[in-house]
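Here is a friendly walk through one protein chain, going from its central sheet out to a few single residues. Have the structure open beside the text and follow along.

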Amino acid sequence: MFSWLGHDDRRRKDPEVFQTVSEGLKKLYKTKLLPLEEHYRFHEFHSPALEDADFDNKPMVLLVGQYSTGKTTFIRYLLEQDFPGMRIGPEPTTDSFIAVMQGDVEGIIPGNALVVDPKKPFRKLNAFGNAFLNRFVCAQLPNAVLESISVIDTPGILSGEKQRISRGYDFAAVLEWFAERVDRIILLFDAHKLDISDEFSEVIKALKNHEDKMRVVLNKADQIETQQLMRVYGALMWSLGKIVNTPEVIRVYIGSFWSHPLLIPDNRKLFEAEEQDLFRDIQSLPRNAALRKLNDLIKRARLAKVHAYIISSLKKEMPSVFGKDNKKKELVNNLGEIYGRIEREHQISPGDFPNLKKMQDQLQAQDFTKFQPLKNKLLEVVEDMLAHDIAQLMVLVRQEETQRPVQMVKGGAFEGTLHGPFGHGYGEGAGEGIDDTEWVVARDKPMYDEIFYTLSPVDGKITGANAKKEMVRSKLPNTVLGKIWKLADIDKDGMLDDEEFALANHLIKVKLEGHELPNELPSHLLPPSKRKLAE
């Protein structure tokens, strides 16, 4: 149980008591933020009201990309099994949004049934109408991966105005709705097809406020030579830089995410390392889910506050009787100046304001006389939530993380390289010789012995000072050499015998070849004469 008391009398009389982060987020939203949103019609402008399912649902991964970039195949690769409604082909095959979720039996739930299920976080999607709901399904199946996360497959993005019109619903707006609620957005690109269509560019811009969730996968990279791959990677980064206008570079993973043989295996090690990095990123989602929901609630609260200031400012400027239409046009045209004034008066960051052009378009259809004046009490409650409740809830997030067992995505492709000789880096670097019966360092020991006996050993050992003279020749930093010394000095006597010296040189070679050093010496690297000592 977790409780805290606030700064005023009311909070002291009625302390907030939360069992879990999820419960705390729900209560804070309903009692403190939702009244402000409803008073200033936030939901008509920005985002529908949140429901319990939005706080309780599993982490979700949204896949976005042009047609035939391998989105559906990527899901198939992760799950290691087909899912209901799956269609794969070189032409545009996926024409629907498919939420792939855990279920006891395989089956498909159509969109209209899905948006009335209170246990699913999709109820507010009914605002996009039948044109969208006819293109939205939930594929349920029993799968170990889906016990921890859900995956949203999207229709392939096409080019041309005709394709955009023929959808019958606002594709970018639907993706933006999902982007607000998912934990990770993966943009997939085909190494052969880097052109970013108008619609794809529009979609990426619609996801602009969620760059922290975005990752990029350059798929089908095994189909091109190394030199071409370098050029393609550079071209992709340049194209993304023009659309995603941020100083930070979005993380790009290079690989071939399907279960077929690599066509050009030259970059196999690169693909393995990139895949492991991406898998680690996805596996961390359940552990960070509560923190992500907390972060999204803070972003929503900041936007709701700014929205309240904008609406109340517009209300204040409206005449009470005559000239309402002309004044409305004037206010909409001068919205940028109103933004500036609010920014100065209330010390609000420019980044907290909604998109100016979009806000102007939305205001055209609104009746300004129905707007509400500034109600300081509602704003004070939200300020109090951000200043005190959220900070205390953050403590509870950390408590939950330490009390619960490590939460990671398991099953499917995540198990494939977890154990056995096909794990990333198995038999390489410090892992070389792991399955050999003989000590792997013995291969080069005669060469190391020649050096050892030139360093004036006494009673079969050399001092640290003498060892240092030789080890610094590697030009490795002292911090790295210090770690190597710690690993090699097995008996901790501050000196090295011939086997320990050979081991130190082997670890130097491992590091110079670009591999990481182990934190503890693996058992297969222990010199034969020291193995009883280690036991």
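## Around the central sheet

Let us begin with a pair of residues: Ala-99 stands opposite Cys-138 in β6. The model you are looking at is predicted, so please read every value below as computed from it.

Ala-99 brings us to β4, which is joined to β6 by 6 bridges, the two strands running parallel. β4 also pairs with β7, this time through 3 bridges and in an antiparallel fashion. In that second pairing, Val-100 has Val-151 of β7 as its bridge partner. β4 is mostly covered, with 5 of its 6 residues buried.

Now step back to the whole sheet. It is an open sheet of 8 strands with mixed pairing, in the order β5-β6-β4-β7-β3-β8-β9-β10. Why is one side of β5 and of β10 left without a neighbour in the sheet? These two strands, β5 (107-110) and β10 (252-254), stand at the edges and have a single partner strand each, so one side of each has no neighbour there. From one strand to the next, the twist averages 25°.

Here are four of the pairings within the sheet, for quick reference.

| Strand pair | Bridges | Direction |
|---|---|---|
| β4 and β6 | 6 bridges | parallel |
| β4 and β7 | 3 bridges | antiparallel |
| β3 and β8 | 5 bridges | parallel |
| β8 and β9 | 6 bridges | parallel |

For β3 (residues 60-65) and β8 (residues 184-190), you can find the register by looking at Leu-63, which stands opposite Ile-186 in β8. Where β8 meets β9, Asp-190 stands opposite Asn-219.

## Helices on the sheet

Helix α5 (residues 71-79) lies across β3, β4 (97-102), β7 (150-153) and β8, and runs at about 145° to β3. Helix α9 packs on the sheet as well, touching β3, β4, β6 (136-141), β7 and β8, and its direction makes about 150° with that of β3.

How many of the 11 residues of α9 are buried? The number is 8, so this helix (residues 171-181) is largely enclosed by the rest of the structure. The buried residues of α9 are Phe-171, Ala-172, Val-174, Leu-175, Trp-177, Phe-178, Ala-179 and Arg-181. At the start of α9, Asp-170 places a side-chain oxygen within 3.3 Å of the backbone nitrogen of Ala-172.

Leu-79 is a good residue to click on in α5. Leu-79 has a relative accessible area of 3%, so it counts as buried. Leaving out residues up to four places away in sequence, Leu-79 touches Val-100, Asn-143, Val-145, Leu-146 and Gly-412. Gly-412 sits 333 residues away from Leu-79 along the chain, yet their C-alpha atoms are separated by 4.7 Å.

## Strand β9 and Arg-215

β9 is mostly covered: 6 of its 6 residues are buried. In a regular strand, side chains alternate between the two faces of the sheet. In β9, Met-214, Val-216 and Leu-218 point one way, while Arg-215, Val-217 and Asn-219 point the other way, and all are buried.

Is Arg-215 buried or exposed? Its relative accessibility is 15%, so Arg-215 counts as buried, the cut-off for that being under 20%. Arg-215 belongs to β9 (residues 214-219), and its side chain reaches the backbone oxygen of Asp-212 at 3.3 Å. Apart from neighbours within four places in sequence, Arg-215 is in contact with Arg-184, Ile-185, Ile-186, Leu-187, Ile-250, Arg-251, Tyr-253 and Asp-281. Among these contacts is Ile-186, the residue of β8 that stands opposite Leu-63.

## The chain as a whole

Finally, zoom out. The protein chain has 23 helices and 12 strands, and buried residues make up 48% of its 535 residues. Counting contacts between residues at least 6 apart in sequence, 77% join residues at least 24 apart. The chain exposes about 26,800 Å², of which carbon and sulfur atoms supply 51%.

One annotated stretch is also worth finding. An unreviewed UniProt entry places the feature "domain: EF-hand" at residues 476-511. In the model, the chain over residues 476-511 is 69% helix and 8% strand, with its end C-alpha atoms 9 Å apart.

Technical notes
Residues numbered from 1 in each chain as written. Predicted model: local features only at pLDDT ≥ 70, side-chain atom pairs only at ≥ 80, totals over all residues. Heavy atoms only, no water. Buried < 20%, exposed > 50% of the residue type's maximum accessible area, 1.4 Å probe, protein only. Helix = DSSP H or I, 4+ residues; strand = E, 2+ residues; numbered from the N terminus. Polar contact = N/O pair within 3.5 Å; in protein donor to acceptor, adjacent residues only side chain to side chain. Contact = heavy atoms within 4.5 Å. Pairing = 2+ DSSP bridges. Axes fitted to C-alpha atoms, helices over the stretch in contact; angles between N-to-C directions. Areas by Shrake-Rupley, 256 points an atom, 1.4 Å probe, with all protein chains shown as cover. UniProt positions renumbered as here; feature names shortened; annotations may be inferred.
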